[in-house]
Amino acid sequence: MEFYKLDHEATMEDIKQFNYPNQKLAVIAHIKDVNGKILLQQRGPKSRDENGLFQDISGKIEEYDASFKDALLRELKEEVGTDAKININSTLGIYHLYKNNINWLFIVFDCLYLNGELKIMEVGKCLGYKLFDYDEISNSDVVTKSSKFLNKEIYK
């Protein structure tokens, strides 16, 4: 696991710096509420792995996504629906994770949850949502290792 902080919006030029075998692109919504708590999603039994654990909302970038931000907007709609008001702020960085023979490159966005209902749109893949304090994430047995790592790197 590696995290590369960015001081600008991520571009394809940033991605071209990486050349891993079996590389896939995805986005992560690192979501905080107005009180600074971090919103994580609980993985359900139909998820690929880490069932029951909490992690940031994420998803693969599709060929038809016009931009990284468009991919994140689509993922948020697919995951939490349209009733939740979530502002997408800036790119925080690029997160590399090697898992199940795939080199994942995640474009990580800083997001703010303002209000509204967080719906479970993918029944079976998601069991719900929970707000965590930073220390809770670091010390929790119910948060994925990758979310713990990412949280630590973001707040260094």
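1. Burial and surface. In this predicted model, buried residues make up 49% of the 156 residues in the protein. The accessible surface comes to about 8400 Å², and carbon and sulfur atoms account for 49% of that surface. When you look at the structure, it helps to keep the share of buried residues in mind, since several of the points below return to the question of which parts are covered.

2. Overall build. The protein has 4 helices and 8 strands, and from the N terminus on these elements run in the order β-α-β-β-β-β-α-β-β-β-α-α. The radius of gyration is 15 Å, close to the 15 Å that the globule rule gives for 156 residues, so the protein is as compact as a globular protein of that length. Along its principal axes, the C-alpha trace spans about 35 × 30 × 30 Å. Of the contacts with a separation of 6 or more, 70% are accounted for by residues 24 or more positions apart.

3. Charges. The protein carries 21 positive and 25 negative side chains, and the centres of these two sets lie 3 Å apart.

4. Strand E7 and its two partners. Strand E7 covers residues 102-115, and 11 of its 14 residues are buried, so E7 is largely enclosed by the rest of the structure. Strand E2 (residues 23-33) runs parallel to E7, and 11 bridges join the two; in this pairing, Leu-25 has Leu-105 of E7 as its bridge partner. Strand E6 (residues 85-99) pairs with E7 in the antiparallel sense over 12 bridges, and here the bridge partner of Asn-87 is Leu-112 in E7. E6 and E7 also form a hairpin with 2 residues between them, and Asn-100, which sits in the turn, has a positive phi of about 55 degrees.

5. Strand E3 and its three partners. In strand E3 (38-43), 5 of the 6 residues are buried, so E3, too, is largely enclosed by the rest of the structure. E3 runs antiparallel to E2, to which 2 bridges join it, and within this pair Lys-32 has Ile-38 of E3 as its bridge partner. The hairpin of E2 and E3 has 4 residues between the strands, and in this hairpin Gly-36 takes a positive phi near 85 degrees. With strand E8 (residues 126-132), E3 pairs in the antiparallel sense over 6 bridges, and the partner of Gln-42 in E8 is Gly-128. With E4, which also runs antiparallel to E3, there are 2 bridges, and Gln-41 stands opposite Gln-55 in E4.

6. A closer look at Ile-38. This residue is found in strand E3, and at 2% relative accessibility, under the 20% limit, Ile-38 counts as buried. Leaving aside residues up to four places away in sequence, Ile-38 touches a set of residues that includes His-30, Ile-31 and Lys-32 as well as Lys-130, Leu-131 and Phe-132; Asn-151 and Tyr-155 are also among them. The C-alpha atoms of Ile-38 and Asp-133 are separated by 6.3 Å, although these residues are 95 residues apart along the chain.

7. Helix H4. This helix takes in residues 145-154 and is mostly covered, with 7 of its 10 residues buried. The buried residues of H4 are Ser-146, Ser-147, Phe-149, Leu-150, Asn-151, Glu-153 and Ile-154. Asn-151 was already met in the previous point, as one of the residues that Ile-38 touches.

8. Two loop residues with positive phi. Most residues other than glycine have a negative phi, and it is against this background that the next two residues are listed. Asn-22 has a phi near 50 degrees, a positive value in a residue other than glycine, and Asn-22 is found in the loop between helix H1 (12-15) and E2. At 43% relative accessibility, Asn-22 counts as partly exposed. Glu-50 has a positive phi of about 50 degrees although it is not a glycine, and Glu-50 lies in the loop between strand E3 (38-43) and strand E4 (54-55). With a relative accessible area of 25%, Glu-50 is partly exposed.

Notes: Residues numbered from 1 in each chain as written. Predicted model: local features only at pLDDT ≥ 70, side-chain atom pairs only at ≥ 80, totals over all residues. Heavy atoms only, no water. Rg over C-alpha atoms; globule rule 2.2 N^0.38 Å. Buried < 20%, exposed > 50% of the residue type's maximum accessible area, 1.4 Å probe, protein only. Contact = heavy atoms within 4.5 Å. Areas by Shrake-Rupley, 256 points an atom, 1.4 Å probe, with all protein chains shown as cover. Lys, Arg positive; Asp, Glu negative; His and termini not counted. Charge placed at Lys NZ, Arg CZ, Asp CG, Glu CD. Pairing = 2+ DSSP bridges.
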